[in-house]
2 protein chains.
Amino acid sequence: MTTIEEVALRAKVSVATVSRVINDKGNVSPATAERVRIAIKELKYQPNAMGVLLRRERTGMVLILLHSVDNPFFSSIVQGVEKIAHENDYNVLISTTYGDQAREKRYIKLLQRHFVDGVILITNTLNREEIQELNAQFPVAQVLEYVEGSETTHISVDFYQAGRAVMEHLIGNGRKRIAFAHTGLIDIISTKEKYRAYRDALTQHQLPILTSQLNVYPFGFSSGQSIARETLQDHPDTDAFFASSDLIACGIMDQLKQRNIRIPEDVAIVGFDNTIFAETTQPKLTSVELNSFNMGVAAMTLILERLKSQTDTHQPSIIFPFELIQRESS
Amino acid sequence: MTTIEEVALRAKVSVATVSRVINDKGNVSPATAERVRIAIKELKYQPNAMGVLLRRERTGMVLILLHSVDNPFFSSIVQGVEKIAHENDYNVLISTTYGDQAREKRYIKLLQRHFVDGVILITNTLNREEIQELNAQFPVAQVLEYVEGSETTHISVDFYQAGRAVMEHLIGNGRKRIAFAHTGLIDIISTKEKYRAYRDALTQHQLPILTSQLNVYPFGFSSGQSIARETLQDHPDTDAFFASSDLIACGIMDQLKQRNIRIPEDVAIVGFDNTIFAETTQPKLTSVELNSFNMGVAAMTLILERLKSQTDTHQPSIIFPFELIQRESS
DNA sequence: TTGTATGCGTTATCAC
DNA sequence: GTGATAACGCATACAA
C-alpha cells in the first residue's frame, strides 16, 4: 500500500505538504502542488480511509439494515435515504438480516464500533431494552417497524387505520367472509396492527373472524399459496382476502385461479405496499400505497439532525399518511 | 466515545492488559481479567473500528455493487456471497448504483481507500481500462456483466447460448415472427449476447428480424409495456416475444391482455432469470434459470482466494450453466 | 510557503 | 503477569 510518506518522498516535500495538496488546505505554491500531484498520480496514491477517519469523529457512512434486497417497496425507502445522504456527502451502505437476530447484531456492531455514523433499521428483531440502549448512544432511526412503547424515533404509518381502510373497503363492497393473510411473525408492529384492525372491523360489523390462528410462513408468495389453500379448505365460502403484502396476495391469486375461482366476482383480494407486483397480476391488485420514498428521506434527515446535535436523543416520531389504491381485484 | 484508556484507568491496569483481555491474547490473571471485563461493561466500551483496523491490513468487509435492491434475482446472488463471507468472518456491505457511473465510482473509492477489502460488481459501468487498472490493484470479481476482452475475472453465463436456447424453443414451437425486448443499454454484455443470439437464430432459420432498433427504457415493467405497444403497431402479426428479463415479460403480458391477445395461443412469451415474477403471472412464464446463488458463492470464494495470494491478479473466469424452464406462456 | 512533531485508538514488542 | 512504548496512516498546530 502506498502511503502519504512515499508520495512526500517522491515529490521531495514533507507529508504535511502532501496532505495540504490533497485536502486543498493551507498555502502551497503552484509549483510544489503540481509536483505533489504528479507523484500522487505516478504512485496511484489513495489516502487510507482508516488513517483519515481515525482523526475525524465521523466516517461519513450510514448503514441501512434490510430484510433482503429483493423488495421494490424497501428499494424506494433506500432511494429516499440515498438522496438526502448524497446531498450531505454521506455514503449509504446496506446489509441484510433476513429477520435473523444474530445477523442484525453482527451488523449493528458496525455502529457501536464507529465504523458507520448511524443506522436506519427497516427490519428489527431487537427488543425494547436493546433498541433503547442503542438509541441512547447512537443515531438510530426505525422505519416502518418499531417497538411499541419504546422511546426511539420511528418513521412509520398508522397500520391500524390502514387496515381499517382496507376492511371498510371490502365490507362496503358487500364482502362478509373475509380472511387475513400474513407472513412472518405476528408480533411485529405492522402485522399486529393490521390484524387488530381486521378483527375490530369484523367484530364491529358483526361478521365472522375467519383467520384466528396465525401461521408463520417464511416467504411471501408461497405463504400466500399455503394460506389460500388452508383457508379455502376450512372456509370454502370465503369471499375476500386481506393480504398483508402484495406478494402474499399474488400467492393467493395463484391458488384461486387454479381452482377457477373468479376475482373479484367470487373472491376479492386486497394487497399492501402497492409494489410493482400489484400491476403484474391479472386482474390488477387493489393495494395500500405508503409514502416509502419520503419515509426514507425523513429517516436520513433524522439521522443527520441527530448527528448535528449529539445531545438530543429523543426526536419526535413521524407518521406518514397512506392511500388505498383501488384496482380490479376488489 | 469511551476509549481503551478509560477502561484501563477504571480497571486500574494498563491499556495493554485491557487489549489482552479483549482479544484473549497473552496471559492475564483471572482476577484482573474479571476487573477489566467489569470496567468494559460499566463503560459500555466497544473498541473503535478505525483504531483497530489501522493496525490490520484487512478490514474484513466486502462490498457488493448492485443496480438496485429490488431484484429477487440479484438477491440470491447476494445470499451466495453472504454465505461464504460469514463462514470466513467477513461482513457484506451493499451499495446501489442504478447504472450511474458517478455512483459506481463513488463507492469504488471505498475499495481504493481500503475501507473494504474487495468488491463484487454485479453492475458495471466502467470501461476496459478502468476495470483492468482496478483489478490490478485490488480484489475485484465481476458477476454476470463483464467487459469483453478484459482480463478481469468474471462469474457469468453464456448468454449467447442461453439466447439461442430460447430462440430454438420458440422456433421449434412453430413461431415465425419473433420480437426481442430489453431494457437499458444494448452494449452491456448480457443484452448484447442475447440480441446476437436472437439475430443469428432468425437468420439461420430464414425468419424475419422484427426488432432492429433497440430502444432504451429505464424500468423493466414499463419498458415491456412500451416495447409491446410499439412492436404490435409495427408488426401486428408478431407471434412471440423474447424478453431479456421476467419483469419486461410482465409488461408485455400486460399489454397483450389489454388487447385480448391470447397467451400462448396467439403470442408466446419467454422471460429471463426465472425470478418469482415468472410464477406470479397468469399464465406462468417460461424463463431461463441461472444458478444465481452459486454464482454468488463463486464470486466471494474468488475474492477470498485473491486476498490470500496477493500476487495472483489473474484468476480463471467461471461460466455457469443455465436451464430453460418451460411453463405456460410458450 | 514549508517542515517538524503530536495525537487520533488500537495492538504488539519489549522489558520488567 | 503486567506495563511502557512504538507503530499503523493521516491531519494539523506550531515553528521556521
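In the predicted model, strand E7 (residues 240-243) of chain A is joined to E8(A) by 3 bridges, and the two strands run parallel. Within this pairing, Phe242(A) has Val270(A) of E8(A) as its bridge partner. The two strands belong to an open sheet of 3 strands in chain A, ordered E6-E7-E8, with parallel pairing. Strand E6 (178-181) and strand E8 (268-270) of chain A occupy the edges; each has a single partner strand, so one side of each is left without a neighbour in the sheet. Neighbouring strands are turned by 15° against each other on average, direction ignored. Helix H11 (residues 246-258) of chain A lies across E6, E7 and E8 of chain A and runs at about 150° to E7(A).

Chain B holds an open sheet of 3 strands in the order E6-E7-E8, and here the pairing is parallel. Its edge strands are strand E6 (178-181) and strand E8 (268-270) of chain B, each of which pairs on one side only. The twist from one strand to the next averages 15°. Strand E7 (residues 240-243) of chain B is connected to E8(B) by 3 bridges, the two running parallel. Phe241(B) finds its bridge partner in E8(B) at Ile269(B).

The domain assignment divides chain A into domain 1 (4-55), domain 2 (61-157 + 292-320) and domain 3 (159-289). Domain 2 of chain A is thus given in two segments, 61-157 and 292-320. Taken over C-alpha atoms, the centres of domain 1 and domain 3 of chain A are separated by 62 Å.

Chain B superposes on chain A after a rotation of 180° with 0.0 Å of shift along its axis, at an RMSD of 0.0 Å. The two copies are thus related as by a two-fold rotation axis. The same surface serves both copies, as 100% of the contact residues of chain B recur in chain A. The contact draws 41 residues from chain B and 41 residues from chain A. On the side of chain B that touches chain A, at least two residues each are supplied by H4, helix H5 (72-87), strand E2 (91-96), helix H6 (101-112), helix H11 (246-258) and helix H12 (277-280) of chain B. E2(B) provides the largest share of this side, 6 residues. By class, the side of chain B that touches chain A comprises 20 nonpolar, 15 polar and 6 charged residues.

Both chains contribute to the surface near DNA strand C: helix H2 (15-23) and helix H4 (49-55) of chain A, together with helix H2 (15-23) and helix H4 (49-55) of chain B, each supply at least two residues. DNA strand C is surrounded by 27 residues, of which Ala16(A), Asn27(A), Ile4(B), Asn48(B) and Gly51(B) are the closest. H2(B) accounts for the largest share of the surface near DNA strand C, with 5 residues. This surface has 13 nonpolar, 11 polar and 3 charged residues.

Around DNA strand D there are 28 residues, and those that come nearest are Ile4(A), Asn48(A), Gly51(A), Ala16(B) and Asn27(B). H2 and H4 of chain A, together with H2 and H4 of chain B, each supply at least two residues of the surface near DNA strand D. H2(A) gives the most to this surface, 6 residues. The residues near DNA strand D divide into 13 nonpolar, 11 polar and 4 charged.

How values were computed: Residues numbered from 1 in each chain as written. Chains lettered and ligands numbered in written order. Predicted model: local features only at pLDDT ≥ 70, side-chain atom pairs only at ≥ 80, totals over all residues. Near = placed C-beta within 6 Å. Helix = DSSP H or I, 4+ residues; strand = E, 2+ residues; numbered from the N terminus. Nonpolar A, V, L, I, M, F, W, Y, C, P; charged D, E, K, R; others polar. Pairing = 2+ DSSP bridges. Axes fitted to C-alpha atoms, helices over the stretch in contact; angles between N-to-C directions. Least-squares fit on C-alpha atoms with pLDDT ≥ 70 in both. Contact = placed C-beta atoms within 7 Å. Domains from an automatic or database assignment.
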